[in-house]
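The following exercises train the reading of a structural model. Each task is followed by a solution in steps.

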Amino acid sequence: MSTVLDRTPGPDDSSIVDPQREELILVLDFGSQTAQLIARRVRDQHVFCQLVRHDLPAARIRELNPKGLILSGGPSSVYAPGAPLPDPEIFHLGIPILGICYGMQALCRALGSEVSPARSREFGHTICRAVGNDPLLSGLPHEWTVWMSHGDQVHDLSAHFSQIAATETCPNAAIRHHTLPIYGLQFHPEVTHTDFGQNLLANFVKHVCRCHGDWTIESLIEREVAALRERVGNRRVICGLSGGVDSSVTAALLFKAIGKQLSCIFVDNGLLRKGEREQVREQFSEHFQTDLHVVDARQQFMDALAGVSDPQLKRKAIGRVFIEVFRKEAESIPDAHFLAQGTLYPDVIESGGSKDGPAAAIKYHHNVGGLPAELGFELIEPLRDLFKDEARRMGLELGLPENLIWRHPFPGPGLAVRCLGAITEQRLETLREADAVFIEELIDADLYRDVQQAFAVLLPLQTVGVMGDARTYEDVIAIRSVNTDNFMTADWSRLPYDLLQRVSTRIINSVRGVNRVVYDVSSKPPSTIEWE
Ligand code: XMP
């Protein structure tokens with residue numbers, strides 16, 4: 001999609017650790033914001049798919065032996081100076097190729113067709129009509145709606161390509177090479193605005209690339225378990241648990257692979273949600289029987305936070321104490337060699353480029369509660385190939401309970417950034433109770449899984465109320481619930497009024513010291529999801 005490039009395109013191929021995989025499709029990333037989405041859609045066909053740099057050399061691609069290549073869209077124009085182009089040799093590897101938007105223009109240009117600015121920029125829905133019946137369009141109706149977003153078009157198809165679908169303004173909306181298995185789409189099949197986009201990608205994967213689609217979570221677990229056993233040998237792995245999905249799935253996978261050689265560390269910083277410590281203990285000590293170290297560091301964190309109200313200073317203090325506590329506990333596990341982390345594929349992609357790009361700045365802020373490299377362990381990241389929903393499916397398959405798998409994300413600094421102003425044990429307790437009521441009501445209303453993050457915030461002010469005949473002057477709780485795809489943008493959830501009313505009544509009646517509840521109706525941007 002021709003949108004502004006706000007990240008560094010494509011990681012190198014160092015994350016492709018297993019060239020033995022039977023079926024692999026590579027997405028050459030030209031910088032489109034929907035490049036990740038292409039990979040996800042291909043994986044929905046049970047074929048493993050990864051993003052790589054747009055200019056990965058053809059020789060390396062041959063080594064990786066993919067069944068197909070997809071050239072993503074991108075923000076450039078193929079004729080702009082310095083426009084990213086693929087290694088021209090890739091077109092002679094005999095591997096099926098699908099170019100999408102910019103990717104199509106790049107391949108047409110490389111194969112001798114003329115690309116030039118369209119009469120008008122095209123952006124949005126348009127009707128596309130099939131010309132002939134190419135296998136790429138198999139099962140699609142004669143006419144369907146597609147999503148376009150481009151300024152350039154392929155005009156002269158030279159002698160090599162023919163048209164397989166057209167729109168009113170774009171005669172070459174879909175094309176194929178006469179002799180090679182090379183296709184181009186001017187529209188974006190990966191976005192939901194394109195009808196039958198998933199069928200189209202499935203046709204490419206199954207009919208053109210001839211993939212069988214035997215990549216499943218079960219087979220992935222098997223492969224990862226074998227790889228972990230081989231890498232770890234008889235050494236010990238430490239895994240920091242946070243109570244969240246990623247670290248839990250990492251630990252569950254490691255436990256399956258190496259059992260008693262895994263030691264888990266869970267730091268109770270006193271800033272956790274209600275019941276979190278007990279849940280971790282139950283899951284990882286009783287159910288999985290790992291060597292679980294629960295470190296009660298509540299006092300250390302409270303000491304470090306005493307008198308601190310500034311959000312950034314809170315984050316810094318928490319990050320510092322966490323590392324101290326974790327380091328000390330890790331040192332008490334004498335034969336530890338590896339440190340396992342729940343890094344997911346989107347993190348790998350985002351940090352794939354320059355360390356000082358915009359993505360890096362966001363990561364720093366969100367990395368509070370993470371661990372520095374200097375701890376001296378070798379790093380293991382068994383989820384680094386997975387998207388979040390795949391990690392969740394893996395967790396369920398490994399026997400983690402649904403409520404843990406679907407738990408909303410929780411920031412590293414925990415309740416500290418939701419307890420605005422000074423942090424005291426009493427204020428934390430008020431917040432924890434109010435939060436638990438809200439979450440309980442959301443679950444009862446069967447709406448917990450419809451929103452992506454919901455929580456309570458304790459405001460640093462008191463307001464007047466009336467209880468019986470008496471005037472009160474007590475705390476205010478704000479409740480926040482958001483709907484979001486990626487947490488970069490978010491909208492406030494349109495929760496039913498009667499639910500809001502139940503939450504408010506229950507909080508005011510049962511949480512001591514609160515006489516007012518307000519609902520946050522701000523979207524991100526310009527607000528953020530958290531209040532601090
Ligand atoms: P914001 O508030 O920036 O949050 O809209 C976006 C997402 O990031 C989470 N978040 C954090 N996660 N450490 C974390 O591990 C942090 O310091 C932090 N701050 C925000 C937030 O909960 C939301 O999911």
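**Exercise 1.** Is Arg 432 buried or exposed? Determine also how Arg 432 is linked to Glu 429.

*Solution.* This is a predicted model, and the values below are computed from it.

Step 1. The relative accessible area of Arg 432 is 15%. Buried means under 20%, so Arg 432 is buried.

Step 2. Glu 429 has a relative accessible area of 36% and is therefore partly exposed.

Step 3. The side chains of these two residues, Glu 429 and Arg 432, form a salt bridge with an N to O distance of 2.8 Å.

Step 4. Both belong to helix H14, and because they are three residues apart, about one helical turn separates them. An α-helix has 3.6 residues a turn, so residues three or four places apart point the same way.

**Exercise 2.** Explain which charged partner Asp 435 lacks, and state what its side chain reaches instead.

*Solution.* Step 1. Asp 435 lies in helix H14, which spans residues 425–444.

Step 2. Asp 435 is buried but has no salt bridge. The nearest side chain of opposite charge is that of Arg 418, 4.7 Å away. A salt bridge requires the nitrogen and oxygen to be within 4 Å, so Arg 418 does not qualify.

Step 3. The side chain of Asp 435 does reach the backbone nitrogen of Ala 456, at 2.9 Å.

Step 4. Leaving aside residues up to four places away in sequence, Asp 435 touches Arg 273, Phe 455 and Ala 456.

**Exercise 3.** In what order do the five strands of the open sheet lie, and which are the edge strands?

*Solution.* Step 1. The order is S12-S11-S10-S13-S14, with parallel pairing.

Step 2. The edge strands, S12 (291–296) and S14 (378–380), each pair on one side only.

Step 3. From one strand to the next, the twist averages 30 degrees.

Step 4. Strand S13 (residues 336–340) is joined to S14 by three bridges. Leu 339 stands opposite Leu 379 of S14.

Step 5. Helix H5 packs on the sheet and touches S10 (236–241), S13 and S14. The direction of H5 makes about 170 degrees with that of S14.

**Exercise 4.** Describe the surroundings of helix H12, and classify Lys 388 as buried, partly exposed or exposed.

*Solution.* Step 1. H12 covers residues 388–397, and its buried residues are Glu 390, Ala 391, Arg 392, Met 394 and Gly 395.

Step 2. Among the elements covering these buried residues are helices H1 (35–43), H5 (217–232), H6 (245–258) and H13 (402–405).

Step 3. Lys 388 is also found in H12. Lys 388 counts as partly exposed because its relative accessibility is 31%.

Step 4. Not counting residues up to four places away in sequence, Lys 388 touches Asp 246 and Leu 344. Lys 388 and Pro 346 are 42 residues apart in sequence, and their C-alpha atoms are 8.4 Å apart.

Step 5. Just after H12, Gly 399 takes a positive phi of about 100 degrees.

**Exercise 5.** How many salt bridges does the model hold, and which residues does Asp 296 join in a network?

*Solution.* Step 1. The count comes to 28 salt bridges.

Step 2. Asp 296 and Arg 298 meet in one of them, at 2.9 Å from N to O.

Step 3. Asp 296 is partly exposed because its relative accessibility is 42%. Arg 298, at 40%, is therefore also partly exposed.

Step 4. The network of salt bridges links Asp 268, Arg 277, Asp 296 and Arg 298.

Definitions and conventions
Residues numbered from 1 in each chain as written. Predicted model: local features only at pLDDT ≥ 70, side-chain atom pairs only at ≥ 80, totals over all residues. Heavy atoms only, no water. Buried < 20%, exposed > 50% of the residue type's maximum accessible area, 1.4 Å probe, protein only. Helix = DSSP H or I, 4+ residues; strand = E, 2+ residues; numbered from the N terminus. Contact = heavy atoms within 4.5 Å. Pairing = 2+ DSSP bridges. Axes fitted to C-alpha atoms, helices over the stretch in contact; angles between N-to-C directions. Lys, Arg positive; Asp, Glu negative; His and termini not counted. Polar contact = N/O pair within 3.5 Å; in protein donor to acceptor, adjacent residues only side chain to side chain.
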